[in-house]
Amino acid sequence: MRTLGNIIWFLFGGAVMGLAWVLFGILAFISIVGIPWGRSCFVIAGFSFFPFGKEAIYRDELTRAEDIGTGSVGFIGNALWFIFAGVWLAIGHVMSAIACFVTIIGIPFALQHLKLAVISLAPVGQTVVDKDVAAMARYKNDKFKL
């Protein structure tokens, strides 16, 4: 079912927003100082092309260890990202979601676009993994909190 959802998603809108992520990633790499943002763009672009069965999760939640992207430097990176690219990608995903919501059959795709809109506002410090891996990481984190 995931494969079918991903194929339909790619053909009816996922390719366009995935290419937008790739474009912002290329622009970030060209600027040299934007290479960390470009890396995030390419990770999220893959997620934007084929989102079903995958989930974005913060790396510190996945590994239980803070890194440069999940700490205060990551916060500053996300603030800069929000200003220069995040808002525009979020608007693209929201517009795509509205277009999908118009049709009844497009509602699951609209929900995916809204998830991607939230991710596009602050992608630094996040990675994309299978839903099972994300669920296991959250389960282990909850287990250690007790």
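A helix here is a DSSP run of H or I with at least four residues, numbered from the N terminus. Keep that in mind for Phe101, which lies in helix 4. This is a predicted model.

**Whole chain**

Start with everything shown. The protein chain holds 6 helices and 2 strands. Follow it along the sequence and the pattern reads α-α-β-α-α-α-β-α.

Now turn the view. Along the principal axes, the C-alpha atoms fill a box of roughly 40 × 40 × 20 Å. A compact globule of 146 residues would have a radius of gyration near 15 Å, and the chain agrees because its value is 15 Å.

Switch on the surface. The chain exposes about 8600 Å², and 76% of that comes from carbon and sulfur atoms. Of the 146 residues, 42% count as buried.

Colour the charges next. There are 11 positive and 8 negative ones, and their mean positions are 4 Å apart.

Contacts come next. Take those in the chain with a separation of 6 or more: 73% of them join residues 24 or more positions apart.

**Stop 1: Phe101 in helix 4**

Select Phe101, in helix 4. Helix 4 covers residues 72-101. Phe101 is partly exposed, because its relative accessible area is 37% and partly exposed runs between the 20% and 50% limits.

Show what Phe101 touches. Leaving out residues up to four places away in sequence, its partners are Ile107, Ala110, Leu111 and Leu114.

Then pick Asp132 for a distance check. Phe101 and Asp132 are 31 residues apart in sequence, and 27 Å separates them in space, C-alpha to C-alpha.

**Stop 2: helix 5**

One of the partners of Phe101 is Ala110, and Ala110 is among the buried residues of helix 5. Select the helix, residues 107-121. Its 15 residues reach 22 Å from first C-alpha to last, close to the expected 21 Å.

Which residues of helix 5 are buried? Select Phe109, Ala110, Gln112, His113, Leu116, Ala117, Ile119 and Ser120.

Now look at what covers them. The cover includes helix 1 (2-30), helix 2 (35-49), strand 1 (54-58), helix 4 (72-101) and strand 2 (126-130).

**Stop 3: helix 2 and Cys41**

Move to helix 2, part of that cover. Helix 2 has 15 residues and reaches 21 Å from its first C-alpha to its last, close to the 21 Å expected.

Pick out its buried residues: Trp37, Gly38, Ser40, Cys41, Ile44, Ala45, Phe47, Ser48 and Phe49. Among the elements that cover them are helix 1, strand 1, helix 4, helix 5 and strand 2.

Zoom in on Cys41, in helix 2. Buried or exposed? Cys41 counts as buried, because its relative accessibility is 1%.

Show its contacts. Apart from neighbours within four places in sequence, Cys41 meets Trp21, Phe24, Gly25 and Trp81.

Then step along the chain to Glu55. The C-alpha atoms of Cys41 and Glu55 are separated by 15 Å, with their positions 14 residues apart in sequence.

**Stop 4: Ala20 in helix 1**

From Cys41, jump to Ala20. Find Ala20 in helix 1. The C-alpha atoms of Ala20 and Cys41 are separated by 9.3 Å, and the two residues are 21 apart along the chain.

Why does Ala20 count as buried? Its relative accessible area is 19%, and buried means under 20%.

**Stop 5: Ile32 in the loop**

Select Ile32, in the loop between helix 1 and helix 2. Check its backbone angle: phi is near 65°, a positive value in a residue other than glycine. Ile32 counts as exposed, because its relative accessibility is 59%.

**Stop 6: Ala137 in helix 6**

Finish in helix 6, residues 131-145, where Ala137 lies. Ala137 counts as buried, because its relative accessibility is 9%.

What is Ala137 in contact with, leaving aside neighbours within four places in sequence? Show Ile57, Glu61 and Leu62.

For the last distance, return to Gly25, one of the residues that Cys41 contacts. Ala137 and Gly25 are 112 residues apart in sequence and 28 Å apart in space, C-alpha to C-alpha.

Key: Residues numbered from 1 in each chain as written. Predicted model: local features only at pLDDT ≥ 70, side-chain atom pairs only at ≥ 80, totals over all residues. Heavy atoms only, no water. Expected span 1.5 Å × (residues − 1). Buried < 20%, exposed > 50% of the residue type's maximum accessible area, 1.4 Å probe, protein only. Contact = heavy atoms within 4.5 Å. Rg over C-alpha atoms; globule rule 2.2 N^0.38 Å. Areas by Shrake-Rupley, 256 points an atom, 1.4 Å probe, with all protein chains shown as cover. Lys, Arg positive; Asp, Glu negative; His and termini not counted. Charge placed at Lys NZ, Arg CZ, Asp CG, Glu CD.
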